[in-house]
Amino acid sequence: MAAFFWLIGGIALIAAEILSGDFFLLMVGVGALAGAGTEWIFGNTLVSCAVFALVSIGLVTFARPWLKRRMHGELVHTNADALIGRKAVAVSEVNALGGQVRLDGDVWSARAFDGKQPIAPGSEVTVVEIAGATAVVMTDVE
């Protein structure tokens with residue numbers, strides 16, 4: 001009878017995975033199915049719980065990261081996040097209060113990451129952060 005509950009629990013978890021899409025419930029559901037099989041073969045609830053725990057932890061630890069990379073692919077930065085780390089050229093003096101840089105062919109308002117020393121026009125800078133419509137930059141020599 002306990003194998004039936006393991007089976008129902010496993011099927012319910014796998015079905016619930018459709019709503020989450022994170023592969024966690026799928027891994028735990030497969031662990032519950034392994035527990036159901038163990039319960040049906042051995043009839044020992046303690047052994048079934050141990051098999052459930054080992055299979056679930058193993059799948060979550062090893063199979064889930066691989067499956068997520070395979071299904072979702074690599075993270076691609078878009079919009080402002082894609083500009084972080086890019087090179088730009090100072091169009092005007094850039095200090096803690098402001099300035100302008102040419103970034104990917106466009107002129108952006110900018111401010112210096114380290115406001116202690118102004119960045120001279122023509123200096124190559126790296127975008128550290130995008131704060132609203134302002135590029136926070138630092139010189140490459142710092």
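**Exercise 1. Placing T38**

Decide whether T38 is buried or exposed, then describe its surroundings.

*Solution.* T38 has a relative accessible area of 10%, so T38 is buried (buried means under 20% relative accessible area, exposed over 50%, partly exposed in between, with a 1.4 Å probe and protein chains only). Before going on, note that this is a predicted model, where local features need pLDDT of at least 70, side-chain atom pairs count only at pLDDT 80 or more, and totals for chains, interfaces and linings use all residues. Residues are numbered from 1 along each chain as its sequence is written, and side-chain values use heavy atoms, with hydrogens and water left out.

Step 1: find the element. T38 belongs to helix α2, residues 24-42 (helices, H or I of at least four residues, and strands, E of at least two, are DSSP runs numbered from the N terminus).

Step 2: look at the side chain. One of its polar atoms lies 2.8 Å from the backbone oxygen of A34.

Step 3: list the contacts (heavy atoms within 4.5 Å). With neighbours within four places in sequence left aside, T38 touches G43, V47, S48 and V51.

**Exercise 2. Following the salt bridges**

Find how many salt bridges the whole structure holds, and work out which parts they tie together.

*Solution.* Step 1: count. The search returns 3 salt bridges (a side-chain nitrogen of Lys or Arg within 4 Å of a carboxyl oxygen of Asp or Glu).

Step 2: take D22 with R64. Their closest N and O atoms are 2.6 Å apart. D22 sits in the loop between α1 (2-20) and α2, while R64 sits in helix α3 (residues 45-72), so this pair links parts 42 residues apart in sequence. D22 is partly exposed, at 31% relative accessibility, and R64 is buried, at 17%.

Step 3: take K68 with D22. Here the closest N and O atoms are 3.0 Å apart. K68 is in helix α3 and D22 in the loop between α1 and α2, so the pair ties together parts that are 46 residues apart in sequence. K68 counts as partly exposed, at 29% relative accessibility.

Step 4: take D104 with R86. The closest N and O atoms are 2.3 Å apart. Because D104 lies in the loop between β2 and β3 and R86 in the loop between α3 and β1, the pair joins parts 18 residues apart in sequence. Both are partly exposed: D104 at 47% relative accessibility and R86 at 36%.

Step 5: look for shared partners. D22, R64 and K68 are joined into one network.

**Exercise 3. Reading the barrel and its core**

Work out the order in which the 5 strands close into a barrel, then see which residues of the largest nonpolar core touch the most other members.

*Solution.* Step 1: trace the strands. The order is β1-β2-β3-β5-β4, with mixed pairing (two strands pair if DSSP finds at least two bridges between them).

Step 2: zoom in on one pair. β2 and β3 run antiparallel and are joined by 4 bridges; R102 stands opposite V107 in β3.

Step 3: turn to the core (buried Ala, Val, Leu, Ile, Met, Phe, Trp, Tyr and Cys residues joined through side-chain atoms within 4.5 Å). Among its 14 residues, V94, V101, I119, A135 and V137 touch the most other members. At least two core residues come from each of β1 (87-90), β2 (100-103), β3 (106-112), β4 (124-131) and β5 (134-139), and β4 gives the largest share, 3 residues.

Step 4: check A135. Not counting residues up to four places away in sequence, its contacts include V101, W108 and V127.

Methods. A polar contact is a pair of N or O atoms within 3.5 Å; within protein, one must be able to donate a hydrogen and the other to accept it, and residues adjacent in sequence count only if both atoms are side-chain atoms.
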